[in-house]
Amino acid sequence: MSEIAALQALEILDSRGNPTLAVTVTLANGVAATAKVPSGASTGKREAVELRDGDKSRYGGKGVLKAKGYVEGEIQRAIRGFDANYQKGLDKRLCELDGTPNKGRLGANAILGVSLAVAHAAAKDRGLPLYAALVDEPANLLPTPGLNVLNGGKHADSNVDFQEFMISPVGAPSFSEALRASAETFHALQTVLHKRGYGTGVGDEGGFAPQLKSNEEPVELILEAIQKAGYKPGKDIVIMLDPAASEFFDEGAYVFAKSDKSRKSSAEMVGLYKSWLGKYPEIWSLEDGIAEDDHEGWQAITKELGDQIQLVGDDNFVTNPDIFRQGIEDGIANAILIKLNQIGTVTETLDCIEMARANGYGAIISHRSGETDDASIADLAVAAGMGQIKTGSACRGERIAKYNRLLEIERELGSKARYAGISAYERRKKAMKA
Ligand code: PGA
Ligand code: ZN
């Protein structure tokens, strides 16, 4: 009775007003569930392919009617009658049906929509919340969030080259208190910006996106906001960065085109981060500080800073188990960013998380800059038990949907709920030094 009976897809809009897919699966017993697919802007080159129609007369070519057609046609025919509880088998079938290494034929958006909707339907069918259904062991660890309170790079029309400046409330006693501290700090940051006459409009991920004097100024402003909100920087709240350096890497140099127009070599970038760490010990995590094509730079930064801070690979690993395995062998980074739509199936995503755990790497479950109200990643983060999530600022409905879902999970787990917070943070710090 848990067999898949029907698939339906709908072309909906994401948080940037671009088309994306909502996929609904109905099982033979009438149980139905829907998943909505996110979309990135600063994408890694080796991400699975997001299938767009290319028909310039609709949404500037960004329509997803072809992907919708595949879901309701070829994919539906291939998986009708399949047991929804056998996620691994289903995802393998989807990959084989596509037949390309990067899901370029049917589209990772079509495939992920189906894979994730089936995961939801199977959980519902078993009477379990998604976070409990995705894994065999009981999941009770609420992740520490990284909230992107200041947006730059490709996510904002500002003069800041670095993409993300995040606050992470490691010192809070529970997830709900962590979220409160974060929202209070976000509001304090608004006051700090106002006072200086800076704009407080927000970027794609709900962080402020003001015109500033340098890529470094956001760190100063955030430290001031943390204090203003009544918290201790470096103790209650730490800072995480995602420069998304692939976006400003040009012919072997890092070019700060949005701010001071300077060009930096790979070694100079490592030097820059090192100097920041000296000045701002509150920074504990650096994602994509080096570009995906700068392999030597990645090795150098891992050697130089890998025992001091979390170095997160996003554009270079693209949540791909094969690529990630190679990266581990090459001694690159000490953590991975996990995005379902970079790889396109639930199973391969879980495989990456397992690989991180087995190799002592951190894993951060992540949203995309283009999102919907789908909150699956909140459940995924609890299921993964890796203690970290990044899903935007304390602002914008599509970001808040994930945080609110985590609040629900925390309530549902009751006395069993644990917040990753300080213990997970200190354990990771110790592991990096070892
Ligand atoms: P994206 O950005 O969703 O636009 O790729 C997120 C990130 O770089 O982490
Ligand atoms: Zn990133």
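User: What is the relative accessible area of Arg105?

Analyst: First, the general idea. Relative accessible area sorts residues into three classes: buried is under 20%, exposed is over 50%, and partly exposed lies in between (1.4 Å probe, protein chains only). Arg105 has 31%, so this residue is partly exposed. The model is predicted: local features need pLDDT of at least 70, side-chain atom pairs count only at pLDDT 80 or more, and totals for chains, interfaces and linings use all residues. Residues are numbered from 1 along each chain as its sequence is written, chains are lettered from A and ligands numbered from 1 in the order in which they are written, and side-chain values use heavy atoms, without hydrogens and water.

User: Which side chain meets Arg105 in a salt bridge?

Analyst: A salt bridge is a side-chain nitrogen of Lys or Arg within 4 Å of a carboxyl oxygen of Asp or Glu. For Arg105, the partner is Glu74, at 2.4 Å from N to O. The two sit in distant parts of the chain, 31 residues apart: Glu74 is in helix α1 (residues 65-79), and Arg105 is in the loop between α2 (87-98) and α3 (108-126). Helices (H or I, at least four residues) and strands (E, at least two) are DSSP runs, numbered from the N terminus. Glu74 is partly exposed, at 24%.

User: How many salt bridges are there by this rule?

Analyst: The count is 30. One of them joins Glu348 and Lys103, at 3.0 Å from N to O. That pair spans 245 residues, from Glu348 in helix α11 (residues 346-358) to Lys103 in the loop between α2 and α3. Glu348 is buried, at 18%. Lys103 is buried too, at 3%.

User: Where do Glu354 and Arg357 lie?

Analyst: Both are in helix α11, 3 residues apart, about one turn of the helix. Their side chains form a salt bridge of 3.2 Å, N to O. Glu354 is partly exposed at 41%, and Arg357 is partly exposed at 38%.

User: Which residues coordinate the zinc ion (ligand 2)?

Analyst: Look for donors: N, O and S atoms within 2.8 Å of the metal (3.2 Å for Na, K and Ca). Water is not among the atoms, so sites may look incomplete. Here the donors come from Asp242 (OD), Glu287 (OE) and Asp314 (OD), at 2.0 to 2.2 Å. Their spacing along the chain is D-x44-E-x26-D. Asp242, in strand β7 (residues 238-242), and Asp314, in the loop between β12 (310-313) and α9 (321-329), are 72 residues apart. Asp242 and Asp314 are buried.

User: Which residues are linked with Asp242 in a network of salt bridges?

Analyst: Glu164, Glu287 and Lys390 are linked with Asp242 in that network.
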